[in-house]
Amino acid sequence: MSIGVYQPMAQSLLLAEAEQGGVAKLGINVPSLVAQVLNFTILLILLYLFAYKPITRMLDKRSEKIRESMEQAEKMKQQTIQAEEQIKAQLETARKEGQALIAQASQMGDKLKEEARKEARQEAEGLVARARSDIQRERDDAADALRREFADLAIRAAEKVISQSLDKESHRRLIDEVLTQAKTAKG
Amino acid sequence: MRKLGCSPLLLGLGIVIVLLLGISFINGAIGSKFVEVEAFKFLRVSQPHVSLATEPIIPLFGDHDANPLFSASITNTILAAWITIVVLVALFVLGTRKMKLVPKGLQNFAEFIVEALLNLVEGVAGKKNGRRFFPVIATIFLFVLFNAYLALFPGFGAITLREGVETKELLRAANTDINLPLALALVSFAFVEYWGATSVGFLRYLGKFFAFRNLLRGKPMGLIDVFVGLLELISELVRIVSFTFRLFGNMTAGEILFLIVFFLWAWGTALGVYGLEMLVGIVQALIFSLLTLVFAVVAVASHGHGEEGKEH
C-alpha cells in the first residue's frame, strides 16, 4: 500500500481526463441517458396503468362509499329518532285509550252491580210479601178450621149437657165457658 | 450479567457476533496489518476498485474505449434499472390484480404507498394540480427509492463477470450511474416546464424568462425585467445540474463508502453504514420528488404580480 504503486495510476487517470474530458470520466453516455429516459417513461406508463389509475380510482370509490354510508347512517339515525317519537306518541294514545276504556268499564260495572242489587232487593221483598200473605191465609184457614172444630165441640158438649139435663144456669155457663175457651184458643 | 447467563440463546448470539467481528477485523485492511491468519485468507475482501463510469455488459455498437460518449451498450446500471422496473411493476400488478373495496395483504401495501404519496402531493399542490403531478412525482420517488434499496439487497453487487484480469459487477446500483440522475433531472425539468407552459399559457410562460416587453415599449427600467428573466432561466437550467449531482453524488458516495468500509473492517462498521444508506435512499428519493413537486407548483402559479407590473 505504498504511494508508489498508485502514481502511475494517477498519471493515467490524469491522462485519460485530458484525452476524454471530465464528462466522459463521470460516465455520461448518450445512449445510456436515452435508455434511462425510456426506462423512466416505461415505468411511468406501467405504474400509471397498474398502480396509480386503479388505486386512485379505488381510493376515490372507497371515500365516496364511506361518505355515502355515513350519510346513510345519519339518515337512519334521523329515521330511528322519528320512529321512536312516533312509537312514543302511539303508546301515549294507546295508554289514554286504555285508561278511558277501563274507566268506562268500571263505571258500567258499578251500574250493573247497582242494578243487580236493586233487582235482588225487589225480588226478596216480593218473596217476603208473598210469604207473609201465605202465612196470613194459612192462619186464617187454621183459625176457621179451629172455630169449626170448637163449634162441633160445643155442640157435642151441648148434646152431652142436654143429655144430662142441666139447668138453665149451668147450661149458659157451659156455653160461655166453651166460647171463652175457643176465643182464647183463637186469640 | 445474571440475565445474560440465564439466556443461552442470547449468549450464543453474542459469542457469534464477537467472533464475526473479530474474524472480519483480522481479515480487514486494518486488522491484517497486525495479525495474519492463513486459515481466514479466503474471506479477505479485495481492494475496492472504484469507477465512476459504468461498465458495459453487452456492447451494442460503437467502441466503448474509443468513444465513451456515444457508444451504446447494455450497462450493469441499466440492468439494475430494469430489475427495479420489473420489481415495482410486479408489486403493483400483484397488488392491484383483484382489487377489493376492503383491501387485504399486498393490495393494502400497494394502496398504502400510493395513498401516502397522493396525500403528500395533494397536500403540497392542492387537489387539482396534485392529481396532475402525482404520476410523475410518485414514479420519481419509487424509482429512486427502489433503485437505492434493491442495491442494498445482499448479493446485489456480488455477482461479477470476469474478463481477463478485470472483473466487473453484473449489477450496480442504478442511481450511481450519472446517466440515470441526469435522465430523471431532464424528465423532471421537461415536466415542470410543460406543466408551467400549459397552466399559464405558452407565451406568457416564455415571457417569464424573456421579459423584453417593457424594454420594447421604451421603458429603460425594463432592463431589470430582462435581467431577472435571464436569472430565472439560468436557475431553471441549473436545476438540472443540481438534481443530477445531488442524487449521483449521494448515491455514489454511499457505494464508495460501502466498498471502503468493507475493505477496512467488513463486519464491524458495515452495519452502521447499511442503516445510513437506508436513510440516504429514502431521503434522496423524497428530495428528488418533492423538489420536482415544489418547482412544478411554482411553475403553474400564475405570475399575477409580473403581469400587473407590465400593465402599468
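## Briefing: Ile83(B), the domains of chain B and the A–B contact

Ile83(B) counts as partly exposed because it has 18 C-beta neighbours inside 10 Å, where 20 or more other C-beta atoms within 10 Å would make a residue buried, 12 or fewer exposed, and a count in between partly exposed, with C-beta atoms placed from the backbone. This is a predicted model, in which local features need pLDDT of at least 70 and side-chain atom pairs count only at pLDDT 80 or more, while totals for chains, interfaces and linings use all residues. Residues are numbered from 1 along each chain as its sequence is written, and chains are lettered from A and ligands numbered from 1 in the order in which they are written.

**Surroundings of Ile83(B)**
- Ile83(B) belongs to helix H3 of chain B, residues 76-95, helices being DSSP runs (H or I, at least four residues) numbered from the N terminus.
- Between Ile83(B) and Ala151(B) the C-alpha to C-alpha distance is 10 Å, although they are 68 residues apart in sequence.

**Domains of chain B**
- Chain B is split into domain 1 (1-44) and domain 2 (45-311), with bounds from an automatic or database domain assignment, and the C-alpha centres of these domains are 40 Å apart.
- In chain B, 10 residues of domain 1 are in contact with 8 residues of domain 2, contact meaning C-beta atoms, placed from the backbone, within 7 Å.

**Contact between chains A and B**
- Chain A contributes 33 residues to the contact and chain B 39 residues.
- On the chain A side, helix H1 (3-26) and helix H2 (30-164) each supply at least two residues, and the largest share, 26 residues, comes from H2(A).

Definitions and conventions:
Contact = placed C-beta atoms within 7 Å.
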